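I opened this notebook to keep a formal record of what I looked up in one structure. The sequence and the model come first, and my entries follow.

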Amino acid sequence: MIIGDFHIHSKYSRATSADCVPESLDLWARRKGISLLGTGDFTHPAWREMLAQRLEPAPEEGLYVLREELRQDSGTHDDGRPRFIVTGEISSIYKKNGRVRKVHNLILLPSLEAAQELSLRLEAIGNIHSDGRPILGLDSRDLLEITLEAAPDAVFIPAHIWTPHFSLFGAFSGFDTIEECFEDLTPYIHALETGLSSDPPMNWRLSALDRFLLVSNSDAHSPQKLGREANLLTCPLSYPAVAASLRGEQDGLAGTIEFFPEEGKYHFDGHRACHVCLAPPEAERTDGLCPVCGKRMTTGVLHRVEQLADRPEGTEPPGRKPFERLIPLPEVIGASLGISAAGKRAAAIYERLLHEVGPEFFILREAPLSQIETVAGGCVAEGLRRMRAGEVELSPGFDGEYGKIQLLSDEDIGRLSGQMTLFGEDTSSEREAMPKVETPKEEKKPEVRTGDKGEMDDLLGSLNDRQQEAVTAPERAVAVIAGPGKPARSRQKSCIW
């Protein structure tokens with residue numbers, strides 16, 4: 001099974017990590033378990049030059065691999081070589097049928113040479129140097145025509161089709177039908193990218209989409225975000241086979257890996273400045289206006305689907321592809337332990353799982369829960385079980401704010417971790433505080449006190465390897481044997497927190 005993530009960005013796109021370079025993308029693809037990765041940003045000249053220098057042709061037609069001497073240790077058991085496929089996203093902003101349209105499209109190409117040819121044509125139309133995702137005043141239909149003229153084997157996919165501001169069906173600048181956007185070239189559109197805030201069941205509510213394949217990608221702006229959505233492919237690993245699968249010419253697309261759509265940034269209607277988040281019926285009652293300030297709210301993806309849908313919820317059209325809903329592993333760890341997914345404790349557990357179990361997708365989808373419990377503790381194992389079963393509590397995202405997830409309650413965490421204190425008090429609210437560890441006299445003993453998360457992360461960074469091992473242990477009760485301390489003392493001490 002091939003896991004493919006085609007829509008990503010390089011360091012040359014706005015608001016992206018400087019770490020979005022071929023070496024780090026290859027590294028994180030291996031850490032995630034992604035075998036086929038888009039290059040992103042093929043229109044940017046400096047990025048194409050970097051790709052030409054740091055990649056080399058793969059054995060398979062139309063694909064590339066990172067040069068062997070540039071590979072970095074991934075920290076996992078995986079030693080494969082992810083393939084790169086040439087991709088890029090283009091933003092079209094133009095006026096059509098009396099309205100300004102803002103549509104993003106994803107393009108897959110058979111080679112860097114094809115990318116060069118298409119980029120030369122686009123450079124004659126607009127600026128492709130200032131941003132890895134260029135903004136062109138070019139009708140999406142005309143962009144498709146130019147793409148097919150330059151590269152007849154290209155795959156053209158409308159990107160994140162429900163995003164309110166920049167997409168095919170966007171509430172503020174999109175269209176109500178695919179035909180209105182692409183006109184006579186609509187038959188050359190074979191697949192649609194659903195985006196983070198929608199999933200296949202939401203799209204199945206539109207009978208007009210039945211003839212299109214639904215694909216999912218991460219739209220990652222940093223290597224760590226790769227694979228938050230992805231595609232499952234059973235076709236041979238080559239550009240012609242992948243392209244044929246995405247055009248529906250062969251049955252090579254087996255399904256998709258999805259975000260829980262509520263976790264996406266635009267699932268519900270809302271106004272972030274006023275902290276207002278509303279379900280579609282509530283937003284209808286306010287005529288789309290913020291009940292706090294009276295300004296127009298951002299219409300969420302769920303509401304936009306409701307506006308265009310001609311089927312009830314739960315509809316399953318014939319020929320539908322299966323899908324899986326997953327949560328990125330750092331978030332599973334954080335939501336299972338009641339800690340920050342971006343903190344050092346979660347990062348330490350994440351690294352331990354990758355090192356001892358395998359790549360992230362294997363952990364999320366296949367690893368035995370007993371193995372997860374051994375490495376990361378009962379809370380993380382139970383959180384992973386609940387995620388796989390869909391037993392997730394979600395607060396929907398809105399107006400650019402990601403949704404929030406909960407897998408375990410404080411009571412669940414206390415019960416599963418064997419929580420205990422000397423006086424029988426509940427300490428679940430103090431999980432972010434660092435426990436006190438007795439240390440030999442000759443080692444530096446850090447000051448231990450409760451504080452905010454940033455202070456605690458700094459403190460964790462000051463500990464030695466053995467202290468970090470104790471502090472990041474997944475169990476709530478840990479016995480630490482410390483000593484002997486001064487040479488004259490032979491007695492050892494133990495402490496429990």
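**Entry 1: A loop residue, and the basis of the model**

I began with A15, which is exposed because its relative accessible area is 73%. For this and later entries I used these classes: buried means under 20% relative accessible area, exposed over 50%, and partly exposed in between, with a 1.4 Å probe and protein chains only. I noted that the model is predicted, so that local features need pLDDT of at least 70 and side-chain atom pairs count only at pLDDT 80 or more, while totals for chains, interfaces and linings use all residues. Residues are numbered from 1 along each chain as its sequence is written, and side-chain values use heavy atoms, with hydrogens and water left out.

I placed A15 in the loop between β1 (2-5) and α1. Helices (H or I, at least four residues) and strands (E, at least two) are DSSP runs, numbered from the N terminus. Phi of A15 is near 60°, a positive value in a residue other than glycine. Most residues other than glycine have a negative phi.

I then looked up N97, where phi is near 55°, again a positive value in a residue other than glycine. N97 lies in the loop between β5 and β6. With a relative accessible area of 57%, N97 is therefore exposed.

**Entry 2: The whole protein**

I recorded 17 helices and 19 strands in the protein. Of its 497 residues, 55% are buried. I also looked up contacts, meaning heavy atoms within 4.5 Å. Among contacts between residues at least 6 apart in sequence, 66% join residues at least 24 apart.

**Entry 3: Strands β8 and β11**

Which way do the residues of β8 point? I found that V155 and I157 point one way from strand β8 (residues 155-158), F156 and P158 point the other way, and all are buried. Strand β6 (residues 99-109) runs antiparallel to β8 and is joined to it by four bridges. Two strands pair if DSSP finds at least two bridges between them. Opposite I157 in β8 stands L106.

Strand β11 (residues 230-233) is covered on both faces. A230 and L232 lie on one side, N231 and L233 on the other, and all are buried. I found antiparallel partners for β11 in β1, through three bridges, and in strand β12 (residues 253-258), through four bridges. On the β1 side, I2 stands opposite L233. On the β12 side, T256 is the bridge partner of N231.

**Entry 4: Two residues compared by their surroundings**

Is T87 buried or exposed? T87 is in strand β5 (residues 83-96), and it counts as buried because its relative accessibility is 0%. Leaving out residues up to four places away in sequence, I listed the residues that T87 touches: F6, G38, T39, G40, D41, F42, L106, I107 and L108. L106 had already appeared in my notes, opposite I157 in β8.

E313 sits in the loop between α9 (301-308) and β15 (323-325). Its relative accessible area is 65%, so E313 is exposed. With residues up to four places away in sequence again left out, E313 touches R205 and E306. I also noted that E313 and W204 are 109 residues apart in sequence and 8.5 Å apart in space, C-alpha to C-alpha.

**Entry 5: Helix α11 and its partners**

Two packed helices are described by the angle between their axes and the distance between the axes. Axes are lines fitted to C-alpha atoms, for helices over the stretch in contact, and angles run from 0 to 180 degrees between N-to-C directions. Angles under 35 degrees count as roughly parallel, over 145 as roughly antiparallel, 65 to 115 as roughly perpendicular and the rest as oblique.

The axes of helix α1 (residues 22-32) and α11 come within 10 Å and cross at roughly 75°. These two helices, α1 and α11, are therefore roughly perpendicular to each other. W28, R31 and K32 of α1 make the contact with Y350, E351 and L354 of α11.

For helix α11 (residues 344-356) and helix α13 (residues 369-376), the axes come within 10 Å and cross at roughly 130°. I therefore entered α11 and α13 as oblique to each other. In this contact, I349, R352, L353 and E356 of α11 meet Q371, I372, V375 and A376 of α13.
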